Amino acid sequence: MSKQKEKRPMTRSHTLQSHLISPSDTNHLQTIFGGTVLAYIDEAAAIAAMRHSGKIVVTASVDSVDFHSSVKSGDLVNVEAWVAATGRTSMVVYVHVSVENPATEDTKTTTTSFVTMVAIDSSGNPTEVPGVFAETDAEREIIDMALSRKSGE
Ligand SMILES: CC(C)(COP(=O)(O)OP(=O)(O)OC[C@H]1O[C@@H](n2cnc3c(N)ncnc32)[C@H](O)[C@@H]1OP(=O)(O)O)[C@@H](O)C(=O)NCCC(=O)NCCS
């Protein structure tokens, strides 16, 4: 009988990092450098993939990045990441970046991204990762987005 692959809930990989944007993070238009946002995305995606797999991970590809609106100096930025799909050794991580108004708690999406992370064993080779499952409608939507992107490749 074949061994059933272990599956872990999406909540296990959920990662939230907050950043207060300073003038040194911004360009001559006083809006954030795209590269700074990419660094935030890469770090949050790596942490989410490490939480999901329990292993060391490397970035295989940044599959898509959409900059929806700009971020200014003084803004409070939240970067959230979840493992949304898995292969044998790879994990597709969905990253959602938003600006939060701390006075009203309103948030606005600024960037969304899909990143592929690969788990690595102690010899530096790709190693198997558990599957993932959703427990809420919001998580199911993220998985559907990840899968529809994969099938559209
Ligand atoms: C990513 C890496 C580990 C893949 O190694 P590899 O020898 O090609 O391994 P494999 O062909 O067995 O692929 C392993 C998995 O990675 C996936 N993968 C490989 N290259 C990929 C790419 N460019 N984009 C998305 N997934 C990729 C494969 O589809 C496979 O997934 P699966 O096991 O879920 O089916 C290797 O290319 C690497 O170490 N790259 C450098 C990573 C790095 O330094 N990142 C930091 C950026 S500066």
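Where in the chain is the place of Glu105? In this predicted model, Glu105 sits in the loop between E5 and E6, and its phi is near 70°, a positive value in a residue other than glycine. With 7 C-beta neighbours inside 10 Å, Glu105 counts as exposed, because a residue with 12 or fewer such neighbours falls into that class.

**The sheet**

The loop that holds Glu105 belongs to a hairpin formed by E5 and E6, with 6 residues between the two strands. These strands run antiparallel and are joined by 11 bridges, and one of the pairs places Glu100 opposite its bridge partner Thr107 in E6. On the other side of the sequence, a hairpin of 3 residues joins E4 to E5. Strand E4, residues 76–86, pairs with strand E5, residues 90–100, in the antiparallel sense over 10 bridges. Within this pairing, Trp82 stands opposite Tyr94 in E5, while Val83 stands opposite Val93 in E5.

Taken together, 5 strands form an open sheet in the order E2-E4-E5-E6-E3, and their pairing is antiparallel. Strand E2 (15–20) and E3 stand at the edges, and each has a single partner strand, so one side of each is left without a neighbour in the sheet. From one strand to the next, the twist averages 25°. As background, the strands of a sheet pair through backbone hydrogen bonds, in either a parallel or an antiparallel way.

Helix H1, residues 34–53, lies across E2, E3, E4, E5 and E6, and runs at about 130° to E5. Why can E5 be described as largely enclosed by the rest of the structure? The reason is that 8 of the 11 residues of E5 are buried, where a residue counts as buried if 20 or more other C-beta atoms lie within 10 Å of its own.

**Three loop residues**

Like Glu105, which lies between E5 and E6, two further residues can be placed in loops: Gln30 lies between E2 and H1, and Glu128 lies between E6 and strand E7 (131–133). The table sets out their neighbour counts.

| Residue | C-beta neighbours inside 10 Å | Class |
|---|---|---|
| Glu105 | 7 neighbours | exposed |
| Gln30 | 13 neighbours | partly exposed |
| Glu128 | 14 neighbours | partly exposed |

Gln30 has a phi near 65°, which is a positive value in a residue other than glycine. For Glu128, the contacts can be followed: leaving aside its neighbours within four places in sequence, Glu128 is in contact with Arg88 and Thr89. Glu128 and Pro9 are 119 residues apart in sequence, and their C-alpha atoms are 17 Å apart in space.

**Around the ligand**

Arg88 and Thr89, the contacts of Glu128, also belong to the residues around the ligand, which are Val58, Thr59, Ala60, Ser61, Gly87, Arg88, Thr89, Ser90, Thr116, Val118 and Pro126. Which element gives the most to this shell? It is E3, with 4 residues. Strand E3 (56–67) and strand E6 (107–120) each supply at least two residues of the shell. Sorted by class, the shell has 4 nonpolar, 6 polar and 1 charged residues.

Technical notes. Residues are numbered from 1 along each chain as its sequence is written. This is a predicted model: local features need pLDDT of at least 70, side-chain atom pairs count only at pLDDT 80 or more; totals for chains, interfaces and linings use all residues. A residue is near a molecule or strand if its C-beta atom, placed from the backbone, lies within 6 Å of it. Ala, Val, Leu, Ile, Met, Phe, Trp, Tyr, Cys and Pro count as nonpolar, Asp, Glu, Lys and Arg as charged, and the others, Gly among them, as polar. Two strands pair if DSSP finds at least two bridges between them. Axes are lines fitted to C-alpha atoms, for helices over the stretch in contact, and angles run from 0 to 180 degrees between N-to-C directions. Two residues are in contact if their C-beta atoms, placed from the backbone, lie within 7 Å.
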